[in-house]
Amino acid sequence: RSLSTGEVHRLFGMLDHDGDGYLSVGDLTGVMSTFGGNLSREEAEMFVRLADGNGDGLVDISEFFRLLDEPRAAAASYKLRSSFNVVLLIGGPGSGKGVLSDRIASNNEGVVHLSSGDLLRAEVAQRTPLGMECAATMEAGGLIKSVTMTRLLKKNCTQHPGHWVLLDGFPRSLKNCQNFEKLCGKPDFAVYIDVPDEVMVDRIVKR
C-alpha cells in the first residue's frame, strides 16, 4: 500500500540517524528489514544512487518521496518501507526497563515498546502454534529454546516497519544474541540500565 505523507516523514526520520535532514550511505547501512538481516553497504549505496537527484551523495526528503514513488525502484523502495531499528534495553529485574520503555514510547511517535515476557504470555494465551509449543515446554518444566524466543521476537518486530522498536527482557544469554543476529540482524544499539542491587531488590519486594 501507499504510505501517507506522515508515514513517509516518520520513516525518513527513523532512517536519518544523525538528524541532519539527509540520508547518507552511512545512515542506511545496517538498518534492519522485515526481510531479515541488515541492509548492506552495497544496498545502501544503491538506494542513494537511485534517489540522489542532484549528485551530492545525499538524499533529502523530496528525493526520498520520489524514490518511494519510482516504479523502476519498486524493489528497493519496498525494502526501505519495511525497515525498522531495534534498541535493546538491558538491566536486572526491577531496574526499570519496562517503565522507561513505556515512557519513551508514549512520548515519541514512531517508537514502540516490546517486552519479551509480555509477548510470550500473549502468544501462549492466544494458543498459536508457537504459543502452544512454548506452553508445552513450560508445563514440562523446561526452558524456552533461544531460537524459539528469537522467532517470537522477529514475528513481532517485523510488524512495525518504519519504527524504532524498544526491546526489553532480551537478550538473556550469548545464545540469544547469536540467534537474534542470525534471524533478525544486528540491533542499532543497546542501553544498559545500571541500578544498585539493593534498589532492585527493594522494588521487587514492593511489587
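1. In this predicted model, the side chain of S33 makes a polar contact with the side chain of S82, at 3.2 Å. S33 belongs to strand β1, which covers residues 32–33. Its relative accessibility is 2%, and S33 therefore counts as buried, the limit for that class being under 20%. Apart from neighbours within four places in sequence, the residues in contact with S33 are K79, S82, S83 and F84.

2. K79 also takes part in a helix pair. Helix α3 (residues 41–51) packs against helix α5 (residues 74–81) at an angle of about 115°, and the two axes lie 11 Å apart. The crossing of α3 past α5 is left-handed. On the α3 side the residues involved are E43, M46, F47 and L50, and these meet A76, K79 and L80 of α5. Sorted by class, this contact comprises five nonpolar residues, two charged residues and no polar ones. K79 thus appears in the α5 side of this helix contact and also among the contacts of S33.

3. A further helix pair is formed by α1 (residues 5–15) and α4 (residues 61–69), which pack at an angle of about 115° with their axes 11 Å apart. Because angles of 65 to 115 degrees count as roughly perpendicular, α1 and α4 are placed in that class. The crossing of α1 past α4 is right-handed. Helix α1 contributes T5, V8, H9, L11, F12 and L15 to the contact, while α4 contributes I61, F64, F65 and L68. Eight of these residues are nonpolar and two are polar, with no charged residue in the contact of α1 with α4.

4. Helices α8 (residues 129–139) and α9 (residues 146–157) pack at an angle of about 150°, with 11 Å between their axes. An angle over 145 degrees counts as roughly antiparallel, and α8 and α9 are therefore roughly antiparallel to each other. Their crossing is left-handed. The contact brings L130, E133 and C134 of α8 together with T148, R151 and L152 of α9. Its composition by class is three nonpolar, one polar and two charged residues.

5. The loop between α7 (116–125) and α8 holds R127. This residue has a positive phi of about 55°, although R127 is not a glycine. Its relative accessible area is 57%, and R127 is therefore exposed, the limit for that class being over 50%. A colleague inspecting the backbone may wish to view R127 together with the peptide bond discussed next.

6. The peptide bond from F170 to P171 is cis, with omega near 5°. P171 is located in the loop between β4 (164–168) and α10 (174–183).

7. In strand β3 one finds L114, a residue with a relative accessible area of 8%, which means that L114 is buried. Leaving aside neighbours within four places in sequence, L114 is in contact with L119, N156, C157, H160, V165, L166, L167 and D168. Among these partners, N156 and C157 fall within α9, given its span of residues 146–157, and V165, L166, L167 and D168 fall within β4, given its span of 164–168. The C-alpha atoms of L114 and L153 are separated by 8.4 Å, although the two residues are 39 residues apart along the chain.

8. E109 lies in the loop between α6 (97–107) and β3 (111–115). With a relative accessibility of 76%, E109 counts as exposed, whereas L114 in β3 is buried. The C-alpha atoms of E109 and H163 are 8.6 Å from each other, and these residues are 54 residues apart along the chain.

9. For the protein as a whole, there are 11 helices and five strands. The C-alpha trace spans about 60 × 35 × 30 Å along its principal axes. Of the 207 residues, 40% count as buried. Among contacts between residues at least 6 apart in sequence, 69% join residues at least 24 apart.

Methods. Residues are numbered from 1 along each chain as its sequence is written. This is a predicted model: local features need pLDDT of at least 70, side-chain atom pairs count only at pLDDT 80 or more; totals for chains, interfaces and linings use all residues. Side-chain values use heavy atoms; hydrogens and water are left out. Axes are lines fitted to C-alpha atoms, for helices over the stretch in contact, and angles run from 0 to 180 degrees between N-to-C directions. Helices (H or I, at least four residues) and strands (E, at least two) are DSSP runs, numbered from the N terminus. Angles under 35 degrees count as roughly parallel, over 145 as roughly antiparallel, 65 to 115 as roughly perpendicular and the rest as oblique. A crossing is left-handed if the near helix is turned anticlockwise from the far one by less than a right angle, and right-handed if clockwise. Contact means heavy atoms within 4.5 Å. Ala, Val, Leu, Ile, Met, Phe, Trp, Tyr, Cys and Pro count as nonpolar, Asp, Glu, Lys and Arg as charged, and the others, Gly among them, as polar. Buried means under 20% relative accessible area, exposed over 50%, partly exposed in between (1.4 Å probe, protein chains only). A polar contact is a pair of N or O atoms within 3.5 Å; within protein, one must be able to donate a hydrogen and the other to accept it, and residues adjacent in sequence count only if both atoms are side-chain atoms.
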